[in-house]
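Let's take a walk through a protein complex together. Please look over the sequence and the 3D structure first, and keep them open as you read.

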Amino acid sequence: MAFYEQHIHPKPTTFISKYIFSYDHKVIGKQFLWYGILGLGLGGIMALMIRWALAFPGEAFPLIGRFMFPETGGVIPPDTYAMLFTMHGTIMIFYAITPILIGAFGNFCIPLMIGCRDMAFPLMNMLSFWLAVLSAALLVGSLFTPLGAAAGGWTAYPTLSTLIGSPGVGQTLWAVAIFVLGISSTMGAINYITTVITLRAPGMGYFDMPLTIWGLWLTAILNAIFLPVLGAGGLLLVFDRVFGTQFFLAGAAATSGTGDPVLFQHVFWIFGHPEVYILILPAWGIVSDILSFFSRKPAFGAKATALSMTSITILSTLVYGHHMYTTQMSPLLTQTFMTLTMTISIPSAIFFANWLGTIWKGTIKFDTPMLFSLGVVFVFGLGGLTGLYLGTVTTDLYLHDTYFVVGHFHYTMAASVLFGSFAAIYFWMPKMFGKMLNETWGKIHFWLTMLGLNGVFFGMLFVGYAGMHRRLYDPFVYDFLQKLVPINTFITWSAILMGLSQIIFVVNFCYAVFWGKEETDPNPWKVGTLEWTIPSPAPHYNFAEIPVVKCGPHELGNPNLTTDRDFQYQTEELVEA
Amino acid sequence: MERTAILHSDSIEGKRLVSSIAMIVVLVSFSMLFASLFLGYSYFRITSPVWPPMGMEKVDLFFPTLSTFAIVLSSMTFMVFKAKYFGGGAVNKTMPWLVATIILGAGFMYTQFSLWADLKSRGFYASSGVFQSLVYSFTWIHAAHIVIALLTLLYLIPVTMNKECTISEENKVNNVGKFWHFLDVVWLLMYFIIFVI
């Protein structure tokens, strides 16, 4: 139900107006995609360095080690190790996953899938991207400051992140970069929320929206509400570091008054727990749609899936305390947070069952997007189940800050979201660039990634259960961990396999974008959502005529449709309707 | 279908709705920023046996009260401006009220600077303790928003000079007004919570 007719910008003619400062949501989506893929590469190399230090302590990092750490002969020094895991987390969460799923596919899919010509505020969309670039420049720049980048972990807990823990300018730049990125994402969120509410094609009710849009929309709502909370925490951290305020100092650090480091943990996790769902909700939505498309069946209980995603969105705001069981919370609070956390498993189980119901007795086609979506079902199942142990107070007290936690959040946030991103890239590639990715290499990419990824993260669950703490430079100085050297070596070889198999993807992607000759069909996957009714790649201003939607996104052979195609719309009755 | 009728008929009403929906989201975001600060405040206040802690004195209410008068008056003058602007008043009838709002807003900033100077002269620095940190951080962050809001108010001058009042001008005046009233409300909360009680 489009509220108004959108202003049409003239078709850009110069390179700069077409590819650099573009108002077009499709170009901004592609910009975010490249930005995110670069972030994945940078964060991935950092991950490999961390794994190298854990498997082969005291050995030089191959190839680039001698250039990067000449003073130690190529061995990763301890302070650099701390910077590496901090920057790995920050880059992967804020500069790789967020731009790919929310930035790229949010921008690209929302207008196309709800049947409008662009976002509600194209200028704000462009500013959002360039603020994100500024933020990335600040963060990467912090690597080259005299004392190096932030090294207090991606959570930046005081007192590790105050002047006592990290005296360099790197941590300040980190906080400023996150603040700027927060502004950028909030601008994006304002845009997405308004677009989805006001610019849906005529006839498209909320439950006629594809589940991808549901996921992206709920994510945008969480972003708009909770990113400012992180912004406030970051601002206070900057004030502490630059203007000498006392919010997060305590004990001997504070000259008078009583600051409290735990306040930062509260503020961080009030944002941080919704952030987990900010990252995963778009992936859930995309997977729900793709499972239905490639099973050739309507999504089982699509309304229930949408509603359970909504209730998870609401619940996610109430459970942040489960990150802080070890901060001497009162038992009453820990039990409350535990109960609320366990409640999340109810809606999770509902949509998980709906996924299985969707593929049950379907005519499954194992194309690459479907493989990656099934991969999400598998790894998210594992990640979700391990979460139960961390949400329970009694087991969490033992597992807190071990590699079990690292394995758990990598299964949920890294593996699921990465697979969701790959599914989305393989699926929408023809609509974005007009070229298909090579299917054979896509399948090889999937299986190698799946093998490597499970080797890494399942191994992490084991070493964590055996008691290995996260963030240790050389855990094997402790006697009880020395027997874990072989399994850590196995994890590292798995990580190397996973890292190398991404080269297949990069080559496949770049080849298709720059040298691919083959033009694709407008609808290569034979699905019915609105974006597949227009030519590939999507033309300037998307729809020649705004479509009138007649049914939901996953319906096949609906009698309301007068055309012989299974699209969820038709343009023929535009005038009479 | 009822929904489809909206597409072509009421474009102006649609643009008004889009603008106000977006502004609601903007204000929710800003509210969460300030709500987080108030959360930090209550965290310290609840856990401290006496308030202000460490034998600190309360802040003298003279300058904060002046600020309150300035910003409340400016909200009122803006309301008069808006009523006259949408009433189709001539430029020389509406402009004085907008200018009065801007002057009162600048006056608010002046009282804030005076407050900071006064506090410093009493040896009340941001780094002296958590109470001082709270007072300064709240006022800094609020003042930074006021500066941005003053720039948007200045931007309304050419909008008002423009004779025609289309939906685009209407949205600008409405949204700047909402942001200004929002900052007024935040200041009132800060005044009572931090300075008075």
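The paragraphs below go from confidence to overall form, then to the core, the contact between the chains and a few single residues.

This is a predicted model, in which local features need pLDDT of at least 70 and side-chain atom pairs count only at pLDDT 80 or more, while totals for chains, interfaces and linings use all residues. Residues are numbered from 1 along each chain as its sequence is written, and chains are lettered from A and ligands numbered from 1 in the order in which they are written.

Let's begin with confidence. The term pLDDT stands for the predictor's confidence in each residue, from 0 to 100. Chain A has a mean pLDDT of 89, with 94% of its residues at 70 or more. For chain B the mean is 88, and 95% of the residues reach 70 or more. The complex as a whole receives an ipTM of 0.91 and a pTM of 0.92 from the predictor.

Where in chain A is confidence highest, and where is it lowest? The high end is helix H15 (residues 439–465) of chain A, with a mean of 95, and the low end is strand E2 (residues 569–570) of chain A, with a mean of 56. Helices (H or I, at least four residues) and strands (E, at least two) are DSSP runs, numbered from the N terminus. Two stretches call for care: pLDDT stays under 50 over residues 571–577 of chain A, and also over residues 1–9 of chain B.

Now for the overall form of chain A. This chain has 16 helices and 2 strands. Its radius of gyration is 24 Å, close to the 25 Å that the globule rule gives for 577 residues, so chain A is as compact as a globular protein of that length. Here the radius of gyration is taken over C-alpha atoms, and the globule rule is 2.2 Å times the number of residues to the power 0.38. Along the principal axes, the C-alpha atoms of chain A fill a box of roughly 75 × 55 × 50 Å.

How much of chain A is buried? Buried residues make up 56% of its 577 residues. A residue is buried if 20 or more other C-beta atoms lie within 10 Å of its own, exposed if 12 or fewer, and partly exposed in between, with C-beta atoms placed from the backbone. Contacts are another way to look at the chain; two residues are in contact if their C-beta atoms, placed from the backbone, lie within 7 Å. Among the contacts in chain A with a separation of 6 or more, 79% are between residues 24 or more positions apart.

Next comes the largest nonpolar core, which has 218 residues. A nonpolar core is a set of buried Ala, Val, Leu, Ile, Met, Phe, Trp, Tyr and Cys residues joined through C-beta atoms within 7 Å. Ile114(A), Ile193(A), Trp217(A) and Ala423(A) touch the most other members. Try finding Ile193(A): leaving out residues up to four places away in sequence, it touches Trp217(A), Ala220(A), Ile221(A), Ala224(A) and Val25(B).

That last partner belongs to chain B, so to speak of the two chains together is our next step. Their contact takes 39 residues from chain A and 36 residues from chain B. On the side of chain B that touches chain A, H2(B) gives the most, with 18 residues.

Let's finish with a few single residues. Phe404(A) lies in helix H14 (residues 403–433) of chain A. Why does Phe404(A) count as buried? The reason is that 26 other C-beta atoms lie within 10 Å. Beyond its neighbours within four places in sequence, Phe404(A) is in contact with Leu399(A), Leu461(A), Gly464(A) and Tyr465(A).

Asp401(A) sits in the loop between helix H13 (393–399) and H14 of chain A. Although Asp401(A) is not a glycine, its phi is positive, at about 65°. Asp401(A) is partly exposed, because 13 other C-beta atoms lie within 10 Å. Asn542(A), in the loop between H16 and E1 of chain A, is another residue other than glycine with a positive phi, near 55°.

Two peptide bonds deserve a look as well. A cis bond joins Pro158(A) and Thr159(A), with omega about 5°, and the bond from Ser536(A) to Pro537(A) is also cis, with omega near -15°.
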